[in-house]
Amino acid sequence: MFTRIFGKPTKQETNALATLDKLNETLEMLEKKENVLLKKAAAEVEKAKEFTRAKNKRAAIQCLKRKRLYEQQVEQLGNFQLRIHDQMIMLEGAKATTETVDALRTGAAAMKAMQKATNIDDVDKTMDEINEQTENMKQIQEALSAPIGAAADFDEDELEAELEELEGAELEEQLLQPATIAPAAQVHVPAGRQPTRPIPAKPTPEEDELAALQAEMAL
């Protein structure tokens, strides 16, 4: 993955990987020696027990001395392993730091190259072209929406005046229409009672005179 993105590893990275491999091999070798020494120390303890049962005190003491020597070597190997672990941790941290710096350096170089390829004058020129094309398209749309043929000869002011005349005529017609008479409200008549007919009012002299005039005009 690292090789595909940032290219081949550098010489320092190759050396770091080789050193880590070497430290791992050494650590495995020390662990094997430690296991062997622990087994030898355990064997000397068993021998000391046998010599003790055989009442051979001198031989039992010699076994315990050898057991102590093995234990000292085991302790020394443990210190070696601890130092190797510490060295591996430091080397892995340095390797991670180097890889991070190289990645940042590569990213900065790529950003610089892209900025160099993109000139501010080119950006301004591109924006001007976009604005010009937008304005041209707007003019084309306005030209397409303009009336053509016979419709282009119509006078908008005359059409509006004609519309106002139509609206005024319609309003006048509405005013001349007679007002509608609301139907008389129904009177509720209780059950068992007949409604009384209203008594016609006596015509006034003016109404009699109007009726006589209408009769003469009818003749």
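These legends describe close-up views of a predicted model, going from the whole chain to single side chains.

**Notes for every view.** Residues are numbered from 1 along each chain as its sequence is written, and side-chain values use heavy atoms, with hydrogens and water left out. In this predicted model, local features need pLDDT of at least 70, side-chain atom pairs count only at pLDDT 80 or more, and totals for chains, interfaces and linings use all residues.

**View 1. The whole chain is helical in its assigned elements, with 6 helices and 0 strands.** Helices (H or I, at least four residues) and strands (E, at least two) are DSSP runs, numbered from the N terminus. From the N terminus on, the order reads α-α-α-α-α-α. The chain has 219 residues, and buried ones make up 11% of them. Buried means under 20% relative accessible area, exposed means over 50%, and partly exposed lies in between (1.4 Å probe, protein chains only). The chain exposes about 19600 Å². Carbon and sulfur atoms supply 58% of that area. Accessible areas come from the Shrake-Rupley method with a 1.4 Å probe; for residues, only the protein chains shown count as cover. Now take the contacts (heavy atoms within 4.5 Å). Of those with a separation of 6 or more, 73% join residues 24 or more positions apart.

**View 2. Confidence varies along the chain, with helix H1 lowest and H3 highest in mean pLDDT among the elements.** The score pLDDT is the predictor's confidence in each residue, from 0 to 100. Its mean over the chain is 79. In total, 74% of the residues reach 70 or more. Helix H1 (residues 2-6) has a mean of 42, while H3 has 90. Over residues 1-7, pLDDT stays under 50. For this stretch the model has 7 contacts beyond four places in sequence.

**View 3. The largest nonpolar core has 13 residues.** A nonpolar core is a set of buried Ala, Val, Leu, Ile, Met, Phe, Trp, Tyr and Cys residues joined through side-chain atoms within 4.5 Å. Leu 23, Leu 37, Ile 84, Met 88 and Leu 91 have the most contacts inside this core. Helices H2 and H3 each supply at least two of the core residues. H2 gives the most, with 7 residues. Look at Met 88: this residue touches Leu 20, Leu 23, Asn 24 and Leu 27, not counting residues up to four places away in sequence. In soluble globular proteins, nonpolar side chains tend to be buried together.

**View 4. Lys 95 and Glu 99 meet in a salt bridge within helix H3.** A salt bridge is a side-chain nitrogen of Lys or Arg within 4 Å of a carboxyl oxygen of Asp or Glu. By this rule the count comes to 5 salt bridges. Here the N to O distance is 2.4 Å. The two residues are 4 apart, about one turn of the helix. Is Lys 95 buried or exposed? Lys 95 counts as buried because its relative accessibility is 19%. Glu 99, at 22%, counts as partly exposed. Lys 95 lies in residues 57-117, the span of H3. Leaving out residues up to four places away in sequence, Lys 95 touches Ala 16, Leu 17 and Leu 20.

**View 5. Glu 71 and Lys 67 form another side-chain salt bridge.** The N to O distance is 3.3 Å. These residues are 4 apart in helix H3, so about one helical turn separates them. Glu 71 is partly exposed at 38% relative accessibility. Lys 67 is buried at 15%.

**View 6. Lys 47 and Glu 44 pair through a salt bridge in helix H2.** The N to O distance is 4.0 Å. Both residues lie in H2 (residues 11-53), 3 residues apart, about one turn of the helix. Lys 47 is partly exposed, with a relative accessible area of 39%. Glu 44 has 5%, so this residue counts as buried.

**View 7. Ile 120, Val 123, Met 127 and Ile 130 make a nonpolar surface patch of about 340 Å².** Patches are made of residues with over 30% relative accessible area and no salt bridge; like charges are joined within 9 Å, and nonpolar side chains (Val, Leu, Ile, Met, Phe, Trp, Tyr) within 5 Å. Ile 120 lies in helix H4 (residues 120-145). Ile 120 counts as exposed because its relative accessibility is 53%.
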